[in-house]
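This report introduces the structure to a reader who has not met it before. It takes up salt bridges, surface charge and the overall form of one chain.

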Amino acid sequence: MKLTKTLLASTALTVAAGMANADGHMANEMTIVSWGGAYSNSQQKAYHDPYMEATGISIINDESSPEAVAKLRAMNEAGNITWDLVDVEAADAIRLCDEGLAMEIDHDEVLAPAPDGTSASEDFGDTIASDCFIPQIVFSTTFGYRTDMVPEGVEPPTSACDVFEIEKYPGKRALNKRPIANMEWALLCDGVAYEDVYDVLETEEGQARAFAKLDTIKDQTIWWSAGAETPQLLADGEIFMGSTFNGRLFSVIAEQGQPVGMAWDWQMFDLDGWIVPTGLSDDRLARVMDYLKVSTDTQRLADQAKYISYGPARASSAPLVGQHAELGIDMAPHMPTDPNNAENTFVNNYEWWADYRDDLDAKFQAWLTQ
Amino acid sequence: MTDATQDSGPMMAADGTTLKSSLNRALRRQKLRALMLIAPLLIFVLVTFIAPIADMLFRSVENQIVSDTLPRTTTLLAEWEGDGGDLPAPEVFEALYTDVFIAQERKLHTRLGSRLNYELTGVSSLFRKSGRRVEDMGEVYQDQFEDLDSFWKDSENWNALMGSDDWFADQTAWDDKADTRQPAFELREGIEDLLPQTAATFEIFADFVQNEDEDNLAKEDPWALVYSALYNDLIQEPDVSGYAGPGSAELLEAMGAVGTFETVDYPAAFEKIDKDWHSIDVWQTIQTYSPDFTSGYFLNAVDMKKSPDGPEMRPDNEQIYIKLFIRTLFMSLVITGSCILLGYPVAWILANLPARTANLLMILVLLPFWTSLLVRTSAWKVMLQQQGVINDTLVWLGVVADDSRLALINNQTGTIIAMTHILLPFMILPLYSVMKTIPPSYLRAAKSLGATNWTAFWRVYFPQSVPGIGAGSILVFILSIGYYITPELVGGTTGTFISNRIAYHISSSLNWGLAAALGAILLAVVLGLYWAYDKIVGIDNVKLGG
């Protein structure tokens, strides 16, 4: 009898607790999803901490951005959105927008204008890759190389195209295990003009040409799927040269002091920013919008660059970029948008990839297994 | 005895019922009680395990999205023959206009675009572009009606014309700030006979505004689509003389004018949006994927595709899945085999040592079992890479030259080594528990009867340990066939499994239908192998212990 009573009591308690938490949200909480690691850390310091101090709202970090698209779709189907704001790449933002999983945003209404009064949509300019996307940073996929493995009497690599110079720079390479960026580099380095890359890549011959170029280094290449792999492979001396996000290379070079250099030319620009999931209740939405207005203003975006070498997406933030918060070095020369680094840059065509990713991905994976 | 029972009839219980039914009742009660006891577990398993799997697998054939999003187009398209090389009739384009218009209002057109893009490259942007520009087509009529009479500009006039008088009074009186429900739209009686298309379109519009957007219908201007429907109705010259409600004069006026209206050539208008709308391929894809259920995902999962002439193989440079299935099965077999080779002697030693030493060694077997999978996999990376521990040692020993270090990772070798290590405890534990039950006296008896060591082992000991090998092999094989994280980290391009592609389609490409089809095939293969195993070895010969 006693056991039954205990069981009943605990069941009642569980049910009560479950109901209290049914909304999944306390009135003063907000769940923000991001990539984790140094990147989340920079957001915590530049956005979350000041905001929490000013408003008393507590922000819960969820490091699910790599699976954000799939999880949002599952939440949407289950009808229970537990996230308030999600950090994704521009290409994913377009997909989430297409799927109706992200909310369309009126940028000028939601976001703060620049200090000189320029409207938000003008200040962000081309970085607004989709109606649902609120840009935060410009980052790039670029190449790092081991300075101590450059053959004697040879100039160190300066460009993404040097990855194909297997005679000049012997050694293993690391490339991303997906077609995006690799296909463009292959054509570009095979002599296709920058403006024509996507036109050529649309044709069968163009795709064959890109694969033929990649074939020249295929057996020397390790294919990565997580951004942390290339820095690790570089640090271990496993590879001579590899692509990864520029912020990761910055931390290998500046924070860990590894003998690694950057080959900036033809870096592949990409964007990262926020999306708001559809289906939030009115009070949650109001809270998110308030947070967005504060955390994407000119000063906040510039502040983030103190902690990580990614360029702020607002034009008005660029002049405010200062020094690294701990190392005290100037951050500007490490930014992908710095004029010295951005002589030749490649801008991803997201809409093109939305069409071709299914097809090219199948071909790319089939090519990899051959 | 038989006669005696026949004489006295069936045996009776004390309460007068037959003994048989009384026994049955007692047994039934017992069974029910047993069922009640396992009910929580049964429900738990059903709800959290079977149902989600069934739901996920169902997606591999589900395809309602096309007919749900383009209902009018797919109905009309059913009769179209694409083989002749002719485009669908203009009516199909007009239906497409209606469907895409409604879909873009409900923001469903891009979702359909990404679905069809799995089958035909370029459809994604085709739908996105069309959604943005489809409104222009209807505005041709909207502008002309509004230029004709400003009556048509006002949402209130529309509501009075299309809605019933009662509803219109309620809607006008409704305060959208108040906490009451918006009065649901009601068609005016007889209007659907007078203006059938307009009435149907306006109903969709009203339903969308009131129920999906939850806006005040009194303040929303009708879609451009409603104006094109009105044009279509009026050009038929319906008999509006009997209608005397609000807007009757304007309706009559408009009917007189529509004959001179500029019209929209829908096929040409769609071609202006994107020339792909005049490509047979696009229409054939929509037609092929119109049915509610499709075999397309399963065909895709075995490197085939649907075409107007039935299923056909994909081109060579897109074939990948059959290869991956075969590789997954082959490598799982290799891993199972190496687990047997490595695990058997270890289990034998464990079973034959004194309990104290055996327990100590057992902890060594279990220790990696308790360590995180990621840690073990990463440790193998450090061990196996070219500048890693094993290669360094070999170079130091002079076994391999410094410039020809062994490639032990990012290929099949890496996956096999790491997975063998990770799955080894699953082989050792069942083997050990079976060997523990084989009395050592059997071996001694065999030897005392003159068997050599080898014969004693092979003829006496080994056959008794086979159930352990069977149990271990099933565990290791089935676990490795669905393994994901280790092949992803150490497999490179040649050492990845089918599960890596499933994960990719679930989390990255969002092609859940294909992922479900791949998963269903994998499940079927495993069940098939299990069945074969049962036929050949017999599942009774599997022992997990004692």
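## Salt bridges and overall form

B:Lys381 is partly exposed, with a relative accessible area of 22%. The model in which this residue appears is predicted. B:Lys381 pairs with A:Glu229 in a salt bridge, and their closest N and O atoms lie 3.9 Å apart. Because B:Lys381 belongs to helix H19 (residues 373-384) of chain B and A:Glu229 to helix H10 (residues 229-236) of chain A, the pair joins two chains. A:Glu229 itself counts as buried, at 12% relative accessibility.

Across all chains, the whole structure holds 27 salt bridges. The table lists three of them.

| Positive residue | Negative residue | N to O distance |
|---|---|---|
| B:Lys381 | A:Glu229 | 3.9 Å |
| A:Arg300 | A:Asp297 | 3.2 Å |
| B:Arg106 | B:Glu212 | 3.2 Å |

B:Arg106, in the loop between helix H5 (90-105) and helix H6 (109-117) of chain B, and B:Glu212, in helix H11 (residues 196-212) of chain B, are 106 residues apart, and the pair links distant parts of the chain. B:Arg106 is partly exposed at 38% relative accessibility, and B:Glu212 is partly exposed at 41%. In the other pair, A:Arg300 is partly exposed at 23%, whereas A:Asp297 is buried at 16%. A network of salt bridges also links A:Glu77, B:Asp55 and B:Arg59.

On the surface, a patch of positive charge gathers B:Arg25, B:Arg28, B:Arg29, B:Lys31 and B:Arg33. Of these residues, B:Arg29 is found in helix H2 (residues 19-58) of chain B.

Chain A contains 14 helices and ten strands. Of its 370 residues, 55% are buried. The radius of gyration of chain A is 23 Å, which agrees with the value near 21 Å for a compact globule of 370 residues.

Technical notes: Residues numbered from 1 in each chain as written. Chains lettered and ligands numbered in written order. Predicted model: local features only at pLDDT ≥ 70, side-chain atom pairs only at ≥ 80, totals over all residues. Heavy atoms only, no water. Patch = residues over 30% accessible without salt bridge, like charges linked within 9 Å, V, L, I, M, F, W, Y side chains within 5 Å. Areas by Shrake-Rupley, 256 points an atom, 1.4 Å probe, with all protein chains shown as cover. Salt bridge = Lys/Arg side-chain N within 4 Å of Asp/Glu carboxyl O. Lys, Arg positive; Asp, Glu negative; His and termini not counted. Charge placed at Lys NZ, Arg CZ, Asp CG, Glu CD. Helix = DSSP H or I, 4+ residues; strand = E, 2+ residues; numbered from the N terminus. Rg over C-alpha atoms; globule rule 2.2 N^0.38 Å. Buried < 20%, exposed > 50% of the residue type's maximum accessible area, 1.4 Å probe, protein only.
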